[in-house]
Amino acid sequence: MANSLKLRNTSDWRLVEKPGQVTLLERREHARALITCRDASALIKTFEETPPADLPDWSRIATEQNFSVGEGHVLANGWLEREIADLAESWKAWSGKDLKTDNLVVILNDHHAAWAGIRTGNPPWKCSDGDSSPPGTSVISAMPWTAPRPFCETCGACRMRQRALKNRCYSTLPACGCCPSPSSASPPLKSSTARRLRMPVPLPEAARPRHLLQLGHAAAEGRFSAQATSLPRAQAWFTRELALGTAYDFRSRYIDLGTLYNASIGFWDKLAAIAPYHYDVTRSYLYKKHGNSPTLEQFHQVYAKLEEYHLPVMEHISTNLKGDPKAYMAYMTRICQLNPDEFIDLGQYLVEKGFKEDAAFAYQAAFETATDRVAWANHADWLVNYYFDNGRTDDAVKIATAAAEVYSYRGLETMARLMERMEKWEDAAKHFAAIGERYNDNAPLIAFLERNQERDPKLAEAYKQALAPIFPDGIKDATLADFKDAPVDGVEFTSTSQLLVRSGLKLGHIVVALDGHRVQTLEQYLVLRNMKSEAPLDLIVWDGSAYRQVIAQVPKRKFGCDMESYIK
C-alpha cells in the first residue's frame, strides 16, 4: 500500500522494477505513472513484456494522455469489449439480469438523463427497468453509477483522439450520448460537457470550473436551452485560489479561471512546497518565481524532484539548451534513452543547425529504435536523400522501403521520390498511385507525371489520362484582370492558421487562381500546388469585396488549414 501511495503522489515509475511481480494496485499506479511521466509506448511495452490482468482499467489510464496513431491501434484492441464486460458485470450485480447488448444504448442514455436530473435537483424517480422507486429512494442509490461513467469517459477520450477508436464507438453505439454521431451538425463536445448541456437549470456546485466555463460558452453560442444570463459566472462562484492546503484542480483554477494570477510569491512558495511532484504547479512556479527567462540553474532547482524521471520536465529543460548545440545534444541523449522517438526531433534540430553527420546519426537511431513508426516515416525523407547524395544508394533504398511499408502519406512519398531520382519510373508511379488510393489524393501522381512526361511516352499518355477528369477543359491560364464579379466557384478556406493570417488571408476567402492557372475545385488546387515544390504560392483571392493577388511563402506550399471546393 505504501509503495502504491508513493507511486500515486510522485508518478515515479522507477519504484516498480518488475511490473509482473507487484500487486494489482501497484501495477495500476505504475501504469498511471508511465503514462504521466513517459508516454503510451512505454506503457504498451510493459504490457507486452508482462501482460496484466484483463481489466478495463488499462484503457482508461492509457487514454488520459495523448497517443500516436500506431499506439491508438494497440489501445483499440479489445478495449470496447472489456468496458462492456465490466459494465455487464456491474449491471448483473445490481439487477440480477444479464445485460443485453442491443439495449446498451438505451441504458447509457438513461444514465445520462438521470445523472443530469440529479445534478439539477430534478431527478427522474424511476429505475432503468421502468418501475417507480420507493418514496425517498434516489436513482443514484439504485443504479450502478460507477460502471457507465468510466465507460463514457474512456469512450469520449478515445473519440477525441483516435479515429480507429471513435469509429468503433460510432458503429457499436450509434446513438449513445457519449458518442455523438460524426454527422452531427455541430462539432461534438466532450461527454462531460455534453451531458451538462441537457440540464434545465445547471448548478455551479455540480461542476468543476472548466465545465462551468464550457457551459457559458455553449450558452452564448445558442447551444443551451437556458439563457446565458441564467448561468453564474465561474469566476464569481469559484473565488478561492485552491482548496485549502491542496493543489486540487490546479490547472482549471490557474489557466481557466485565472484565480492564481495575482497570488503572492509567498502563496506560490507554499504551493510548490506541498506539491513538488506536480508538473503543472512546478512549471508555473518556475516562471512566477524567476520571470520569463529562468536560468538553467533555476530550471534544475525547481525541477529537482522530477528531472531524473519525468520526460515532460526533461523536454522543458532541453528547450533552454537549444542555443548550445553540444549541450543540447548531450541532454537529448538522456531524453532519447527514455523515449527513442525524440531522436526524430533531435535530427530535425541538427539539420537546422547544419550538423549533417550528427543529424544522420540521430535519424538512423530513430529508424532503428523509434516506436512511433508513422512519425518516423514522416521524417525519413531527409535521411534517404542524405544517403543517396553521398553514394549510399543501398542504405537510401533500405530506409525508403521501410518508410513506404508504414504506408503513411509521407512514407509512400519518400519512396516514390527516391524511385524518381533513380529514374525507376514504374516504381515511382506505383508509390505515387498508392497515395491516391490510400488518401484520395492523386495530386502527387499527376505532378510526377507532369514533371517527367517528356522522358517517356508512357508517362505523357498517363499524364493526359489522369488530368482529364480533373480539368475537363484543360488547364486554363488566368490573371487578376480576368475577374470582375463575385466568384461562382473556387476553393474556400474553411478554417484558419497562423500561416494563413501571416499571409494576409482569412477564413472564408476564396481562391480562384493559383500560379497563373484557373482554380474551380479543391482537386484542381491540389494538383496545381503539387506541380511546384518550394516556390511561393501565387494566388488570386476573393476577400468578400474584391479580388487581389497574394504571394504566400509557406512551408511545402501548405497553409496548414482546411480548404473545400466552393460553389455559389
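**Fold, cores and salt bridges of the predicted chain**

The secondary structure of the chain consists of 30 helices and six strands. The model is a predicted one. The chain has 568 residues, and 47% of them count as buried. When contacts between residues at least 6 apart in sequence are considered, 54% join residues that are at least 24 apart. The area exposed by the chain is about 29,100 Å², and carbon and sulfur atoms supply 51% of this area.

The interior was examined through its nonpolar cores. The largest nonpolar core contains 117 residues, and the members that touch the most others are Trp376, Tyr525, Leu539 and Phe559. Apart from this core lies another one of nine residues, which include Ala478, Val512, Ile540 and Tyr566. For Trp376, with residues up to four places away in sequence not counted, the residues touched are Ile344, Tyr363, Ala366, Phe367, Ala370, Ile399, Ala402 and Ala403.

Two cysteines were also considered. Cys37 is buried because its relative accessibility is 0%. Cys561 has a relative accessible area of 15%, so this residue is buried as well. A disulfide requires two cysteine sulfur atoms within 2.5 Å, and the count by this rule is zero.

His316 gives a local view of the packing between helices and their surroundings. This residue belongs to helix H18, which covers residues 311-319. His316 counts as buried because its relative accessibility is 6%, which is under 20%. Beyond the neighbours within four places in sequence, the contacts of His316 are with Tyr279, Arg283, Leu286, Tyr287, Phe299 and Tyr303. Phe299 is 17 residues from His316 along the chain, and the C-alpha atoms of the two are 8.8 Å apart.

Helix H14 spans residues 250-257, and its buried residues include Phe250, Ser252, Arg253, Tyr254 and Leu257. After H14 comes Gly258, which has a positive phi, near 75°.

Charged side chains were considered next. Side chains of opposite charge can pair when their charged atoms come close. The structure holds 21 salt bridges. One of them joins the side chains of Arg251 and Asp280, with an N to O distance of 3.4 Å. Arg251 is in helix H14 and Asp280 is in helix H16 (residues 279-290), so this pair, 29 residues apart, links distant parts of the chain. Arg251 has a relative accessible area of 49% and is therefore partly exposed. Asp280 is also partly exposed, because its relative accessible area is 23%.

A further salt bridge is formed by the side chains of Glu420 and Arg451, at 2.8 Å from N to O. Glu420 is part of helix H25 (residues 409-421), while Arg451 is part of helix H27 (residues 443-452), so the pair ties together parts of the chain 31 residues apart in sequence. The two partners differ in exposure: Glu420 counts as buried because its relative accessibility is 13%, whereas Arg451 is partly exposed, with a relative accessible area of 31%.

Strands are also linked in this way. Asp489 and Arg518 form a salt bridge in which the closest N and O atoms are 2.6 Å apart. Asp489 lies in strand S1 (residues 489-493) and Arg518 in strand S3 (residues 517-518), so parts of the chain 29 residues apart in sequence are tied together. Asp489 is buried, because its relative accessible area is 14%. Elsewhere, Arg8, Glu29 and Arg32 are joined into one network by salt bridges that share partners.

The surface includes a nonpolar patch of about 320 Å², made by Met1, Leu5 and Leu25. Met1 is placed in the segment before helix H1, which covers residues 2-10. With a relative accessible area of 68%, which is over 50%, Met1 is therefore exposed.

Definitions and conventions: Residues are numbered from 1 along each chain as its sequence is written. This is a predicted model: local features need pLDDT of at least 70, side-chain atom pairs count only at pLDDT 80 or more; totals for chains, interfaces and linings use all residues. Side-chain values use heavy atoms; hydrogens and water are left out. Buried means under 20% relative accessible area, exposed over 50%, partly exposed in between (1.4 Å probe, protein chains only). Helices (H or I, at least four residues) and strands (E, at least two) are DSSP runs, numbered from the N terminus. Contact means heavy atoms within 4.5 Å. Patches are made of residues with over 30% relative accessible area and no salt bridge: like charges are joined within 9 Å, nonpolar side chains (Val, Leu, Ile, Met, Phe, Trp, Tyr) within 5 Å. Accessible areas come from the Shrake-Rupley method with a 1.4 Å probe; for residues, only the protein chains shown count as cover. A salt bridge is a side-chain nitrogen of Lys or Arg within 4 Å of a carboxyl oxygen of Asp or Glu. A nonpolar core is a set of buried Ala, Val, Leu, Ile, Met, Phe, Trp, Tyr and Cys residues joined through side-chain atoms within 4.5 Å.
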